[in-house]
Amino acid sequence: MPAKADHDKTKPEDAPHYHGHRERLRERFYSAGADALSDYELLEMALFPALPRRDTKPLAKTLIKIFGSFAEVVHAPVARLREIDGIGESAIHQLKLIAAAAHRVAKGEVNSRNALSSWNEVIDYCRTSMAFADKEQFRLLFLDKRNQLIADEVQQTGTVDHTPVYPREVIKRALELSATALILVHNHPTTPYSITLDHA
């Protein structure tokens, strides 16, 4: 008598366990909103398109453990992301796309308001733009007499711990744009949320 097969070969294979998990995450996201998800769960979902046939939960947890938060993961330098086992170019591209989208949204909000009316708005805008940059930047925000943002420009990019500043170039550019106010912004890559502001 032939040995009994371990399983019926005519029966379709079970779907990978993470398929049900993905659906549950999506349901929570749409029913309760993003605040109902932890950083690693939101990162799992962000990685779904790049890794359609893999369980993204272990990778998401690893990335959060290494970099600290969702924001720090998507703004992490590409070179550092490539050092992580299990992450490929598609996943890195997806993370950088999210970072770029966040920056574009922040710029759009500034444009829709037409003005940077408080220091808190300036700080929030600058954090979105540069808080997680891996090199020091000297950034210039040019404003008109109503504090409307005329231009946001990176004037210099330095090393991990310093960037040169040329006052002549700053003034020249302000005159070119007919700016009546100027905010000078300087980040500190070793402390991701640290940004120095000065007003002229």
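Which residues touch the most other members of the largest nonpolar core? In this predicted model, they are Leu43, Leu47, Leu63, Leu81, Ile87 and Leu95, within a core of 21 residues. Helices α2 (39-47), α3, α4 (70-74) and α6 (89-113) each supply at least two residues of this core. The greatest contribution comes from α3, which gives 5 residues. A second core lies apart from the one just described. This other core has 12 residues, among them Leu116, Met130, Leu141 and Ile183.

The surroundings of Leu47 illustrate the packing in the largest core. Once neighbours within four places in sequence are set aside, Leu47 is in contact with Thr56, Leu59, Leu63, Ala91 and Leu95. Two of these partners, Leu63 and Leu95, are themselves listed with Leu47 among the residues that touch the most other core members.

Leu141 and Ile183, both members of the 12-residue core, also face each other across a strand pair, Leu141 standing opposite Ile183 in β3. The pair consists of strand β1 (residues 137-143) and β3, which run in the antiparallel sense and are joined over 6 bridges. Strand β3 (residues 181-187) is mostly covered, with 5 of its 7 residues buried. In a regular strand, side chains alternate between the two faces of the sheet.

Charged side chains were examined next. The count of salt bridges comes to 6. One of them links Glu23 and Arg26, with an N to O distance of 2.8 Å. Both residues belong to helix α1 (residues 17-32), where they are 3 residues apart, about one turn of the helix. Glu23 has a relative accessible area of 41% and is therefore partly exposed. Arg26 falls in the partly exposed class as well, with a relative accessible area of 29%.

A salt bridge with similar spacing along a helix joins Glu176 and Arg173, at 3.0 Å from N to O. These two residues lie in helix α8 (residues 167-176), again 3 residues apart, about one turn of the helix. Glu176 counts as partly exposed because its relative accessibility is 48%, and Arg173 is partly exposed at a relative accessible area of 26%. Through salt bridges that share partners, Arg173 and Glu176 are joined with Glu153 into one network.

Another salt bridge is formed by Glu89 and Arg82, whose closest N and O atoms are 2.9 Å apart. The two partners fall on either side of the cut-off for exposure, which is set at over 50%. Arg82, with a relative accessible area of 51%, is therefore exposed, whereas Glu89, at 48% relative accessibility, is partly exposed.

Confidence varies along the model. The protein chain averages a pLDDT of 79, and 76% of the residues score at least 70. Among its elements, helix α3 (residues 57-67) has the highest mean pLDDT, 95, and strand β4 (residues 195-199) the lowest, 57. Helix α3 is also the element that gives the most residues to the largest core. Over residues 1-13, pLDDT stays under 50, and the model has 1 contact beyond four places in sequence for this stretch.

Conventions:
Residues numbered from 1 in each chain as written. Predicted model: local features only at pLDDT ≥ 70, side-chain atom pairs only at ≥ 80, totals over all residues. Heavy atoms only, no water. Salt bridge = Lys/Arg side-chain N within 4 Å of Asp/Glu carboxyl O. Helix = DSSP H or I, 4+ residues; strand = E, 2+ residues; numbered from the N terminus. Buried < 20%, exposed > 50% of the residue type's maximum accessible area, 1.4 Å probe, protein only. pLDDT = per-residue confidence, 0-100. Contact = heavy atoms within 4.5 Å. Core = buried A, V, L, I, M, F, W, Y, C linked by side-chain atoms within 4.5 Å. Pairing = 2+ DSSP bridges.
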